[in-house]
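Here are my notes on this structure, written as numbered points. Please keep the sequence and the 3D view open beside you while you read them.

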Amino acid sequence: MGETTLIDLSRLMVLRRKLDVAANNVANMETTAYRAQHLSFEEYLAPMKGEEIGVKRERPLSLVDAASAFTSSGAGGIRTTGNPLDLAIDGDAYFAIQTNQGPRYTRDGSFTLDGTGRLVTETGQPVLTDRGVVIIPPQAREITIDAQGQISTKQGALGRLRLVKIPQSTPLQAVGGNLFQSDRSAVDAPIGSVKLIQGALENSNVQPTFEMSRLAEINRSYEIAGKLLKNSQDVTDLNKLAEVPE
């Protein structure tokens, strides 16, 4: 495998990852509180002797690598729903969710009650408060959640929703279901630093025009890179044929 082929293949692999990420962003333009994903890139120096890929060279080969994915921190717009269990966060914070894998975080406040009265996500995972998992009494007819996350019914206060902040230097990793995890422990957001809006939800922060144009651009680049790779392979095959003794 020649150096030109390796370079073309490296670019094609990165473009494929970019294409997958952009397509996923476009697919989630209407997903509540979805945070757009992007890729960061870094140089990768192939080893001097790449016997594992059948290449030997006198100098390292500079390739490109999609180092990691990162989450856009921009907030989406707010839309009113009128559902008392729908909540939007105004500010830099996340809801804390209990899962079998440990705490996870989300901006998606489209909550509901399960059969036992627990406040849960749409996929049935409990929403955490300062008292743990909250259970709404079955006789409660009116649920009020104030700007600070305090949950109340006519029977009294039930707890304050746990709102957490993620250190800016800590990347969030999407784990599916509109949930994120962090390598470092989240800290409780100071009371008053953010507010909740009851009866509303946050929209996706995907910018439709930007993402659609970016998707088309990446797709064109991917097609061009694929043709270049094929051409370089064809040239290599011709050179090999030319070296075959008659």
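1. I begin with one charged residue: Arg118 has a relative accessibility of 26%, and this places it in the partly exposed class. Its side chain forms a salt bridge with the side chain of Asp114, with 2.7 Å from N to O. Asp114 is partly exposed as well, its relative accessible area being 22%. Before going further, please keep in mind that what you see is a predicted model.

2. Stepping back to the protein as a whole, its secondary structure consists of 2 helices and 21 strands. The chain has 246 residues, of which 39% are buried. The accessible surface amounts to about 14,100 Å², and carbon and sulfur atoms account for 52% of that surface. If we take the contacts between residues at least 6 apart in sequence, 65% of them bring together residues that are at least 24 apart.

3. How many salt bridges does a search of the whole structure find? The search gives 7, and the pair formed by Arg118 and Asp114 is an example of such a contact. As general background, side chains of opposite charge can pair when their charged atoms come close.

4. A salt bridge in helix H1, which covers residues 3-27, is a useful case to study, because Asp20 and Arg16 lie 4 residues apart in that helix and are therefore separated by about one helical turn. Their side chains meet with 3.3 Å from N to O. Asp20 is partly exposed at 43% relative accessible area, and Arg16 is also partly exposed, at 42%.

5. Helix H2, made up of residues 208-243, offers a second case, in which Arg214 and Glu211 are 3 residues apart and again separated by about one helical turn. The side chains of Arg214 and Glu211 form a salt bridge with 3.1 Å from N to O. Are these two residues buried or exposed? Both Arg214 and Glu211 are buried, whereas Asp20 in helix H1 is partly exposed.

6. Salt bridges can also involve more than a pair of residues here, since a network of them links Arg35, Arg107 and Glu202. I suggest that you find these three residues in the 3D view.

7. Turning to the strands, E13, E14 and E15 form an open sheet in that order, with antiparallel pairing. Strand E13 (144-145) and strand E15 (156-160) each have a single partner strand and stand at the edges, so one side of each has no neighbour in the sheet. Strand E14, residues 150-153, pairs with E15 over 4 bridges in the antiparallel sense, and within this part of the sheet Ser152 stands opposite Ala157 of E15.

8. My last point concerns Arg160, which is found in strand E15. Which side chain of opposite charge is nearest to Arg160? That side chain belongs to Asp130, at 5.8 Å, and Arg160 is buried yet has no salt bridge. The distance explains this, because a salt bridge requires the side-chain nitrogen to be within 4 Å of a carboxyl oxygen. The side chain of Arg160 does, however, reach the backbone oxygen of Gln148 at 2.8 Å. Apart from neighbours within four places in sequence, the residues in contact with Arg160 include Thr129, Asp130, Gln148 and Gly149, as well as Ala189 and Ile191.

Terms used
Residues numbered from 1 in each chain as written. Predicted model: local features only at pLDDT ≥ 70, side-chain atom pairs only at ≥ 80, totals over all residues. Heavy atoms only, no water. Buried < 20%, exposed > 50% of the residue type's maximum accessible area, 1.4 Å probe, protein only. Contact = heavy atoms within 4.5 Å. Areas by Shrake-Rupley, 256 points an atom, 1.4 Å probe, with all protein chains shown as cover. Pairing = 2+ DSSP bridges. Lys, Arg positive; Asp, Glu negative; His and termini not counted. Polar contact = N/O pair within 3.5 Å; in protein donor to acceptor, adjacent residues only side chain to side chain.
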